[in-house]
Amino acid sequence: MNDLNIITEQTIALPETPYQARHYINGAYLDSADGQVSDRMSPSHGVLVSQAALGSVTETEAAIGAARAASDDGRWSRLSGKDRAAVLNKVADLIEANEERLALIETLESGKPISQARGECGGAADLWRYAASLARTSHGESHNALGDDMLGVVIKEPIGVVSIITPWNFPFWILSQKLPFALAAGCTCVVKPSEMTPSTTAMLGEFLTEAGLPEGVCNIVLGYGDPVGSLMSTHDDVDMVSFTGSTAVGKRISKAASDTLKKVALELGGKNPQVIFPDANLESAADAVTFGVYFNVGQCCNSSSRIIVHEDIANAFVNRVVEMSRHVAFGNPLNPDTQVGAIVTAEHQAKIDAYVSDAKEAGAEICIGGGSLQVAEIGSQFYQPTVVRGVTSDMAIVREEVFGPVLVVQTFKTMDEVIALTNDSDYGLSAGVWSENVHTCLEFSRRAQAGTIWTNTWMDGFPELAFGGVKQSGQGREIGQYGYDEFLEVKSLVMRVGDSRAPWVKMP
C-alpha cells in the first residue's frame with residue numbers, strides 16, 4: 001500500500017452547517033407532514049453533510065396528484081416547443097451558475113472527487129440544452145399516398161405522468177439524462193433521488209422555479225424506496241416509470257408496474273468487458289482500462305470491470321495496468337488532484353472485499369490491492385486499486401457486478417472465443433474493443449451483445465447518442481432522439497377528404 005498514490009491534503013473547506021433538503025411539490029418546498037428527516041454522513045469525511053425530509057405516502061400522493069393535475073390541464077404539454085425549450089435553457093444556465101455549490105454537496109454525499117463532481121454537475125447543462133433542442137424539432141409524419149380522398153397523420157404526444165427514480169452514484173448527471181427529456185416531450189414528473197444523495201436533486205427545484213416551470217409540472221419527493229419509490233411505481237395516476245439502479249430492484253419495479261400496465265424504462269447493471277487484441281495501441285488501451293475500472297471508484301454501471309486480453313500480450317499488458325494503478329490518485333475528495341474517492345457506505349465496501357476474498361480463496365491471483373485503503377485524517381472507507389487474474393468464468397467476481405475499483409482479467413486466442421466470453425453474461429450494457437484493424441473492430445462490434453460498443457476508447461458519450469442496455473442491463477434508451485421518444489406516445493389520425501365514404505347499410 002505504501003507504493004500507491006494517496007492524496008491526504010484537503011484544499012476545500014467543509015460547509016459550516018448541513019444542507020437542509022426538502023420536498024418540492026406543486027412549486028413549493030415542504031417538510032414532511034410527520035417531521036421525519038434522514039441524516040447523511042459523508043462517506044469520506046464522516047461528518048453530517050445533509051438532512052433530508054423523509055417522505056411518506058402523504059407526500060408521494062401529493063406529488064403524484066400535482067403532476068396528474070398539471071398533465072390533465074395541459075399547462076405544460078400545450079405550450080409550444082419553443083416555450084418549453086426556453087425554460088429548459090434557463091435551467092441549463094442556472095445549473096452552470098451553481099456548479100460549485102452543486103459539486104461540493106455531491107462530493108460530500110457520494111464520496112466522489114470534487115473535480116469529477118464539477119464535471120458532472122456543470123456538464124449536465126449540456127443535456128438540458130440538447131433536450132431543449134428536441135422540444136423545438138419534434139415532429140410526426142404524414143401519409144398522402146392513401147388515395148385522393150384520404151390523409152393520414154402520425155403525431156407524437158407526451159406519455160403523461162412519469163415517475164423518475166435515480167441512484168446515488170451519479171445523482172445529478174443521471175437525473176439530467178431523464179428529466180429534461182421528459183419535460184421536453186411535454187410530460188409532467190415526480191422525481192425520487194437516492195436517500196443517500198438527495199441534495200443536488202432537491203436544489204434543482206430552485207432552478208425550476210426561477211426558470212419559470214409551471215407549478216406541479218415537476219415534483220420531487222425525498223425518502224426511501226418503500227414507501228416512496230414503491231408508490232411511484234404502482235400508482236394508477238402514473239403513466240411511466242424511468243428507473244436507474246440495480247438489476248434486482250429493476251425487476252421488482254417491472255413486476256410492480258405490471259398491474260397497471262404502465263410503461264417501464266430501466267437502466268440497470270453491467271459487467272462490461274474491454275477486449276484487447278495484440279495489434280492495439282497498448283499504451284492507450286492500458287490507460288483506458290485503468291480509467292474505466294477506477295472512475296467513480298468503480299461504482300459505475302459502465303465500469304470496465306473485466307478485460308479480455310489476447311494471451312500473447314496478457315502478461316505485459318496486465319503488468320502495465322498494475323503499474324498505472326499505482327499512479328492513480330486515491331484519497332481526499334476535497335482536493336482537485338484526487339481522481340478516486342470514497343466508497344459510498346461501509347456495508348458496500350465489505351461487499352466489494354467479499355468478492356475479492358472469495359476469488360482469492362478459489363485460487364485467483366491478486367496482482368495489486370485487495371483490501372481497504374487508509375487515508376490519513378479521514379478514515380478507511382476507501383478501497384485499494386485491485387487487479388485480479390487467474391479467474392474462472394464461474395466465479396462470482398467474473399459474473400456479478402462488484403461495483404468497486406476491482407478489475408478481473410480473462411484471456412483469449414481467437415475472435416470466436418472472445419465473442420463467447422463477452423456474451424457469456426447476464427448483462428449487456430457496454431463493451432469495448434482495441435485493435436488497429438478496422439475489420440476486427442467492426443466484427444467484434446457486430447457480434448457483441450451490448451447496448452454500446454466503444455472502439456479504441458472508453459466511456460465517451462454525447463447527448464446525441466442513445467444509452468441503454470440489452471439482456472439484464474435494462475430496457476429502453478436514455479438521451480438522444482431515442483431517449484426523447486421514450487416519453488412520447490404515437491397517435492394516428494386518419495382523415496377522409498370530402499364526402500367520399502361509401503355507405504355500409506343497404507337501405508331499400
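## Strand pairing, cores and aromatic contacts in a predicted model

Strand 17 (residues 365-368) and strand 20 are paired in the antiparallel sense over three bridges, where helices (H or I, at least four residues) and strands (E, at least two) are DSSP runs numbered from the N terminus, and two strands pair if DSSP finds at least two bridges between them. The model is a predicted one, in which local features need pLDDT of at least 70 and side-chain atom pairs count only at pLDDT 80 or more, while totals for chains, interfaces and linings use all residues. Residues are numbered from 1 along each chain as its sequence is written, and side-chain values use heavy atoms, with hydrogens and water left out.

Within the pairing of strand 17 and strand 20, Glu365 has Arg389 of strand 20 as its bridge partner. Strand 20 also pairs with strand 21 (residues 406-412), in the parallel sense and over three bridges, and here Val387 stands opposite Leu407 in strand 21. In a regular strand the side chains alternate between the two faces of the sheet. Strand 20 (residues 386-389) is covered on both faces, since Thr386 and Val388 on one side and Val387 and Arg389 on the other are all buried; buried means under 20% relative accessible area, exposed over 50%, and partly exposed in between (1.4 Å probe, protein chains only).

A further sheet is open and has three strands in the order 2-6-5, with mixed pairing. Strand 2 (19-21) and strand 5 (37-41) stand at its edges with a single partner strand each, so one side of each is left without a neighbour in the sheet. Direction ignored, neighbouring strands of this sheet are turned by 20° against each other on average. Strand 5 and strand 6 (residues 48-53) run antiparallel and are joined by five bridges, and Met41 has Leu48 in strand 6 as its bridge partner. Helix 3 (residues 99-110) packs on the sheet, touching strand 2, strand 5 and strand 6, and its direction makes about 100° with that of strand 6. Contact here means heavy atoms within 4.5 Å, and axes are lines fitted to C-alpha atoms, for helices over the stretch in contact, with angles running from 0 to 180 degrees between N-to-C directions. Helix 6 (residues 199-211) lies across strand 2 and strand 6 and runs at about 75° to strand 2.

The largest nonpolar core has 59 residues, and those with the most contacts inside it are Trp128, Leu179 and Leu204; such a core is a set of buried Ala, Val, Leu, Ile, Met, Phe, Trp, Tyr and Cys residues joined through side-chain atoms within 4.5 Å. Helix 4 (residues 114-137) supplies the largest share of this core, 10 residues. A second, separate core of 53 residues includes Val356, Leu407, Trp454 and Trp458. Leu204 touches Val91, Trp128, Phe172, Leu175 and Leu179, not counting residues up to four places away in sequence.

The unreviewed UniProt entry places the feature "domain: Aldehyde dehydrogenase" at residues 33-492, and its annotation "active site" covers Glu267; UniProt positions are given in the numbering used here, feature names are shortened, and annotations may be inferred rather than shown by experiment. Over residues 33-492 the chain is 41% helix and 22% strand, with the end C-alpha atoms 44 Å apart. Glu267 is found in strand 13 (residues 263-267) and counts as buried at 3% relative accessibility. Residues up to four places away in sequence aside, Glu267 touches Phe243, Thr244, Gly245, Cys301, Leu429, Phe467, Ser473 and Glu478. Val241, located in strand 12 (residues 240-244), is buried with a relative accessible area of 0%, and its contacts beyond four places in sequence include Lys263, Val264 and Ala265.

Eight aromatic pairs are found in a search of the whole structure, the rings of Phe, Tyr and Trp (its six-membered ring) being paired if their centres lie within 6.5 Å, with planes under 30 degrees apart counted as stacked, over 60 as edge-to-face and the rest as tilted. Two of these pairs are listed here.

| Pair | Centre distance | Plane angle | Class |
|---|---|---|---|
| Tyr24 and Tyr29 | 5.4 Å | 55° | tilted |
| Phe291 and Phe295 | 5.2 Å | 45° | tilted |

Tyr24 is buried, with a relative accessible area of 3%, whereas Tyr29 counts as partly exposed at 26%. Phe291 is likewise partly exposed, at 36% relative accessibility, and forms one aromatic cluster with Phe170 and Phe295.
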